[in-house]
Amino acid sequence: MVQKLTAEFIGTFWLVLGGCGSALLAAAFPGVGIGLLGVALAFGLTVVTIAYSLGRISGAHLNPAVSIGLCVGGRMPAKDLVPYIIAQVLGGIVAAGVLYVIVTGNGSSIGSFAANGYGEHSPGGYDLKSAFLCEAVMTFMFLIVIMGTTDSRNSNGGFAGLAIGLTLTLIHLVSIPVTNTSVNPARSISQALFVGDWAMSQLWLFILAPIVGAALAGVVYKALWK
């Protein structure tokens, strides 16, 4: 179990460092910034790289919502759920700490620190209802892809990591303007802790909505593949 938890810690650390780091450091860099497409690809690439390097150890969940969805769908022992979530959240927080030091290294303030938000803190000004629906539906589809591509009855399992990473990229392409894209409570918690204030007050949505979407996907997929 220690190996699995260490893998989840490192994997979630890499997801937050690579994904949020690209948003904070490279997205709008003058003249050569990577933009929204680059940030979306960065998040997807973190999942692809960890899936193929550490996935054999822990399954590379990197996300409490993913672990919950897999548990509901009968693909993960309930006894492993809480330890996985703790490792993921801690990995995200440590990555956010590293980013804090890097981002402020040239005298800059952290600003919104790639935190997730709705209303006035949504990149596109989307309200709570839009944000909740977006996060829940995107996480639902993320779990459907994860459960389908990693199903032992699927003959193309070797490409699961690529499919999952591309799905996360697509999710970001759709939802960055709405919420800055969470679909991952660990990612949201890690950034909100450093921003405080509005980010902490809105954090509940980015914990609840992904969990609702993931749990529903677990139920639906289990029913479809009895």
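Trainee: In which helix does Val174 lie?

Mentor: Val174 lies in helix 6. Please bear in mind that this is a predicted model.

Trainee: Is Val174 buried, partly exposed or exposed?

Mentor: The general idea is to read the relative accessible area, where under 20% means buried and over 50% means exposed. Val174 has a relative accessible area of 44%, so Val174 is partly exposed.

Trainee: Which residues form a nonpolar patch on the surface together with Val174?

Mentor: The patch joins Val174 to Leu37, Leu41, Leu45, Leu170 and Leu173, and the accessible area of the six together is about 550 Å². Both helix 2 and helix 6 contribute at least two residues each to this nonpolar patch.

Trainee: Let us turn to the interior. Which residues have the most contacts inside the largest nonpolar core?

Mentor: A nonpolar core is read as a set of buried nonpolar residues joined through their side chains. Here the largest has 53 residues, and those with the most contacts inside it are Leu15, Leu70, Phe113, Phe142, Leu143 and Leu168. Two or more residues come from each of helix 1 (2–26), helix 2 (35–58), helix 3 (64–72), helix 4 (81–103), helix 5 (128–149), helix 6 (160–179), helix 7 (185–195) and helix 8 (197–224). Apart from this core lies another, of six residues, including Tyr118, Ala136, Leu205 and Phe206.

Trainee: What does Phe142 touch, leaving aside residues up to four places away in sequence?

Mentor: Phe142 touches Asn63, Val66, Ile164, Thr167, Leu168 and Ile171.

Trainee: How many salt bridges does the count give?

Mentor: The rule asks for a side-chain nitrogen of Lys or Arg within 4 Å of a carboxyl oxygen of Asp or Glu. The count comes to one salt bridge. Its partners are Asp80 and Lys79, whose closest N and O atoms are 3.2 Å apart.

Trainee: Are these partners buried or exposed?

Mentor: Asp80 counts as buried because its relative accessibility is 5%, whereas Lys79, at 66%, counts as exposed.

Trainee: How many helices and strands does the protein contain?

Mentor: The protein has eight helices and zero strands. Its radius of gyration is 16 Å, close to the 17 Å from the globule rule for 226 residues, so the protein is as compact as a globular protein of that length.

Trainee: How much of the protein is buried, and what makes up its accessible surface?

Mentor: Of the 226 residues, 50% are buried. The accessible surface comes to about 10,100 Å², and carbon and sulfur atoms account for 70% of that area.

Definitions and conventions. Residues numbered from 1 in each chain as written. Predicted model: local features only at pLDDT ≥ 70, side-chain atom pairs only at ≥ 80, totals over all residues. Heavy atoms only, no water. Core = buried A, V, L, I, M, F, W, Y, C linked by side-chain atoms within 4.5 Å. Buried < 20%, exposed > 50% of the residue type's maximum accessible area, 1.4 Å probe, protein only. Helix = DSSP H or I, 4+ residues; strand = E, 2+ residues; numbered from the N terminus. Contact = heavy atoms within 4.5 Å. Patch = residues over 30% accessible without salt bridge, like charges linked within 9 Å, V, L, I, M, F, W, Y side chains within 5 Å. Areas by Shrake-Rupley, 256 points an atom, 1.4 Å probe, with all protein chains shown as cover. Rg over C-alpha atoms; globule rule 2.2 N^0.38 Å.
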